[in-house]
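The following exercises concern backbone geometry, burial and pocket lining. Please work through each task before reading its solution.

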Amino acid sequence: MKKTLIALLAIVFIASACSKLDVTPESQYTLGNFPKTPLDYTALIGPIYTQLASKYAIEYFRMQELTTDEAIIPGRDGNYDDGGQYRQHHHHQYTPDHSNVKDVWSWGFGAINTCNRVLSNIANSSMAETDPARISSTAEVKAMRALFYFFMMDIYGNVPIVDTFPVNDLPATKTRAEVFAFIEKELKAVVGKLPVKDLNNPIPTYAHPTKGMVYALLAKMYLNAEVYLGPGNKKYNETVAMCDSVIASKKYFLDPSYASVFAPDNGPNTTETIFAIPYDPLLLDGNQFTRHGFMAYMYPVYGVPNNLSVSMSTTPAFYDRFNLPGDERNNTWLVGKQTYKDGTPFTIKITKKDLDASYSGPAGDTIWQLEISKTLVMTGKKPFDVGNDYKARCMGVRSIKYYPDRATTALTRMSGNDMPIFRLADIYLMKAEAILRTATPTTVNGELQDAVVLMNKVRARAKAPTVTAVTLDELLDERARELYWENWRRNDLIRFDKYEIEYPIPGDVATPGYDKPKMSTDAYLKLFPIPNTERKLNVNLAQNDGYQK
């Protein structure tokens, strides 16, 4: 099996504890002696990973990607508008009452609360404090708590720090700098107690915190230090040091095939994965890339269920970055006239009016070769809407980066492609960027690594042309090609001061309201607001600047 048994163990534990409440208790487990075996620890920690998986590839993805040029969900004659939440993301008009703003806050702090509860259970266990399982499990949970705090700090900025269970007092908002310091201190305290990846048996540490995961998370924090701590707080040499800790370990290697990193059968044998979510359509759901990102009408070509969506695509401007000759990453998109895998045209029998709502000729059917168009033309009849005939539904380049999973369930439409959070290609590009931003190149494993060397490692794996020089803007485009739909685009654009700039649709000057707000007036939008629902429950939560109106 390619997957870990995190979810299954959690389910078994919960089910055994929740059936037939009217029988006489026979379990010897009490709050004072559970957990007491390594298997107990695994069952206790399992819900943390279930919580991570539940929203990361859906609601959290929408906040990090639909607010950028990487992903877009336009309305199609009102379909997929869902109360305007996706156009609000695209236009940067999210409010304290936005559904994603509320859901992701609940997801993140719910997981932090779960971590605190688990840590309380471990602390009250009868096992000795020196027990290896207790030490390693405590470190694992604290690393996961730090990861969730990173997500909350990145999205909301100023958030409360809660590290106890139960919570007796309403926590007050802490500054982003205080949250940064808390995460950094926690990670440094646990890194020495975490395992390293075993190249001969990667399964035990796959999808669990390792030393490599902590180094990767610290590198991400240090690279964004001026965003999180304010201008002048540069930590680029620290970024390089953390990246070097990953590279020097010789535990991670770029996979020969870019596509295999995201394939349905990816997993522990994916050599560049540092930390990932081990999605499974039956045991650990939450991955809906096949459902939302794929072109549903092409289900016969890919052997997936026929009840998928046509909702999500990318913007023309973003797709235009995939222009390097020979680059395998170009093949992760569906655009133009579509065919079966043998080259036979993929056609649909359809009425002429259903194909094109503007058609006014004689009624009748036509055979149409399905064509996915790059452009997105808003009709102006409804806000942010391209229409709902077949040509409109096929507007927008679709992604098969997370290759359509044949095991996608028809009922839930969940898929099994594991989603990486940290991987080696990102480490190379983070180190390259830090060097371009003044850090000193370093020699690792006998190789002097400057920005060109590091970027060429990523380019060479993708079969793209290598470079002899690189600028920051070129590196940002490389990050777009390499890391799209991995929840890093918003983070990158903010760091490059390009989050609030306009992303017009090329050649579509008549599109009303497509462009995003401009940075000069709306810089506060780099942070999401604190949900109104949470501030009503906790009067000690301060709203982020700009959202008080």
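**Exercise 1.** State where K250 is found and how its backbone and accessibility are described.

*Solution.* Step one is the location: K250 is found in the loop between α10 (236-248) and β1 (273-277), where helices (H or I, at least four residues) and strands (E, at least two) are DSSP runs numbered from the N terminus. The model is a predicted one, in which local features need pLDDT of at least 70, side-chain atom pairs count only at pLDDT 80 or more, and totals for chains, interfaces and linings use all residues. Residues are numbered from 1 along each chain as its sequence is written, and side-chain values use heavy atoms, with hydrogens and water left out. Step two is the backbone: K250 is not a glycine, yet its phi is positive, at about 55 degrees. Step three is accessibility: K250 has a relative accessible area of 49%, so it is partly exposed (buried means under 20%, exposed over 50%, partly exposed in between, with a 1.4 Å probe and protein chains only).

**Exercise 2.** Determine whether T438 counts as buried or exposed, and give its phi.

*Solution.* T438 is placed in the loop between α16 (424-436) and β9 (442-444). Its phi is positive, about 110 degrees, although T438 is not a glycine. Because its relative accessibility is 58%, T438 counts as exposed.

**Exercise 3.** Describe the surroundings of A133.

*Solution.* Begin with the element: A133 belongs to helix α6 (residues 132-156). Its relative accessibility is 15%, and therefore A133 counts as buried. Leaving aside neighbours within four places in sequence, A133 is in contact (heavy atoms within 4.5 Å) with P38 and Y41.

**Exercise 4.** Which peptide bond is cis, joining F165 to its partner?

*Solution.* The cis peptide bond joins F165 and P166, with omega about -5 degrees. P166 lies in the loop between α6 and α7 (176-190).

**Exercise 5.** Characterise the second largest pocket by volume and lining.

*Solution.* The second largest pocket holds about 510 Å³ of space. Of the 24 residues that line this pocket, the closest to its centre are R176, E226, V227, I494 and K526. The elements giving two or more residues to the lining are α9 (225-229) and α19 (489-495); α9 gives the most, with 4 residues. Here a pocket is an open set of points on a 1 Å grid over the protein atoms alone, where a 1.4 Å probe fits, with protein on both sides within 12 Å along at least five of seven lines; lining residues have an atom within 4 Å of a point. By composition, the lining divides into 12 nonpolar, 5 polar and 7 charged residues (Asp, Glu, Lys and Arg count as charged; Ala, Val, Leu, Ile, Met, Phe, Trp, Tyr, Cys and Pro as nonpolar; the others, Gly among them, as polar).

Key: Points joined across faces, edges and corners; volume = space filled by probe spheres on them.
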